[in-house]
Amino acid sequence: MTFVIIASFIHQIRPVVENLDDFYCVKKFGPKAFFYYNGNLPEDEVIPYVKAQIKAKLGSILVYEIYPLYKGIIDLTPYLPTEMKESKAYYQRKKDLSDAELEAYKQAHQLK
């Protein structure tokens, strides 16, 4: 599973997430850090788990948001059905995290 954390203080949040088992930072771009999760948690539990870990380690004072990725694009509306996403221009634009970037990272770090 891939997801992005967007925060002004990403430099404080990123190490917390990277120190969790099976979480890897694939790319950092400005206030965004793109992560790959390669563990056994169900997808719907990954983001709540990450939020809980950030809160436990850094407190609840930092402002940030976590979004899943849909076909390499930040999914600002994860609640929309796939058919609707396919019809929106937003989801047809250039990817925020390309398949090639993700695959290169996974190969370099021997991840599945």
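## A tour from Ile 5 outwards

Start by selecting Ile 5 in this predicted model. Skip its neighbours within four places in sequence, and Ile 5 is in contact with Ile 10, Ile 13, Val 17, Pro 31, Lys 32, Ala 33, Phe 35, Val 50, Ile 54, Tyr 64, Glu 65 and Ile 66. Keep those residues on screen for the next stop.

**The core.** Ile 5 is part of the largest nonpolar core, which has 20 residues. Colour Phe 3, Ile 5, Ile 13, Val 17, Val 50 and Ile 54, since these touch the most other members. Which elements give two or more residues to this core? Select β1 (2-7), α1 (10-18), β2 (23-29), β3 (32-37), α2 (43-58) and β4 (64-70), and you have them. There is another core apart from this one, made of ten residues, including Val 4, Val 26, Ile 74 and Tyr 105.

**The sheet.** Now show the strands as a cartoon. You should find an open sheet of five strands in the order β2-β3-β1-β4-β5, with antiparallel pairing. Which strands sit at the edges? They are β2 and β5 (73-74), and each of them pairs on one side only.

Walk across it from the β2 edge. Six bridges hold β2 and β3 together in the antiparallel sense. Click on Phe 23 and look for Tyr 37 in β3, which stands opposite. Then try Lys 27, whose bridge partner in β3 is Phe 34. The two strands form a hairpin with two residues between them, and in its turn Gly 30 has a positive phi of about 60 degrees.

Stay on β3 for a moment. Is this strand mostly covered or mostly open? It is mostly covered, as five of its six residues are buried. Its other partner is β1, joined to it by five bridges and running antiparallel. Here Phe 3 has Phe 35 in β3 as its bridge partner.

Move on to the pairing of β1 with β4, another antiparallel pair with five bridges. Select Ala 7 and you will see Tyr 64 of β4 opposite. Five of the seven residues of β4 are buried, so the rest of the structure largely encloses this strand.

The last step of the walk takes you to β5, which pairs with β4 over two bridges in the antiparallel sense. Leu 69 stands opposite Ile 74 in β5. Another hairpin joins the tour here: β4 and β5 have two residues between them, and Lys 71 in the turn shows a positive phi of about 55 degrees.

**The helices.** Bring α2 back into view. This helix lies across β1, β2, β3 and β4, and runs at about 155 degrees to β4. Add α1, which packs with α2 at an angle of about 115 degrees, their axes 10 Å apart. The crossing of the two is right-handed. What meets what between them? From α1, select Gln 12, Ile 13, Val 16 and Val 17; from α2, select Val 50, Gln 53, Ile 54, Lys 57 and Leu 58. By class, this contact has six nonpolar, two polar and one charged residues.

**A lysine to finish.** Finally, go to Lys 85 in helix α3 (residues 82-87). Is Lys 85 buried or exposed? Its relative accessibility is 5%, so Lys 85 counts as buried. Show what is around it: leaving out residues up to four places away in sequence, Lys 85 touches Tyr 70, Asp 75, Thr 77, Pro 78, Leu 80, Tyr 91 and Gln 92.

Conventions: Residues are numbered from 1 along each chain as its sequence is written. This is a predicted model: local features need pLDDT of at least 70, side-chain atom pairs count only at pLDDT 80 or more; totals for chains, interfaces and linings use all residues. Side-chain values use heavy atoms; hydrogens and water are left out. A nonpolar core is a set of buried Ala, Val, Leu, Ile, Met, Phe, Trp, Tyr and Cys residues joined through side-chain atoms within 4.5 Å. Buried means under 20% relative accessible area, exposed over 50%, partly exposed in between (1.4 Å probe, protein chains only). Helices (H or I, at least four residues) and strands (E, at least two) are DSSP runs, numbered from the N terminus. Contact means heavy atoms within 4.5 Å. Axes are lines fitted to C-alpha atoms, for helices over the stretch in contact, and angles run from 0 to 180 degrees between N-to-C directions. A crossing is left-handed if the near helix is turned anticlockwise from the far one by less than a right angle, and right-handed if clockwise. Ala, Val, Leu, Ile, Met, Phe, Trp, Tyr, Cys and Pro count as nonpolar, Asp, Glu, Lys and Arg as charged, and the others, Gly among them, as polar. Two strands pair if DSSP finds at least two bridges between them.
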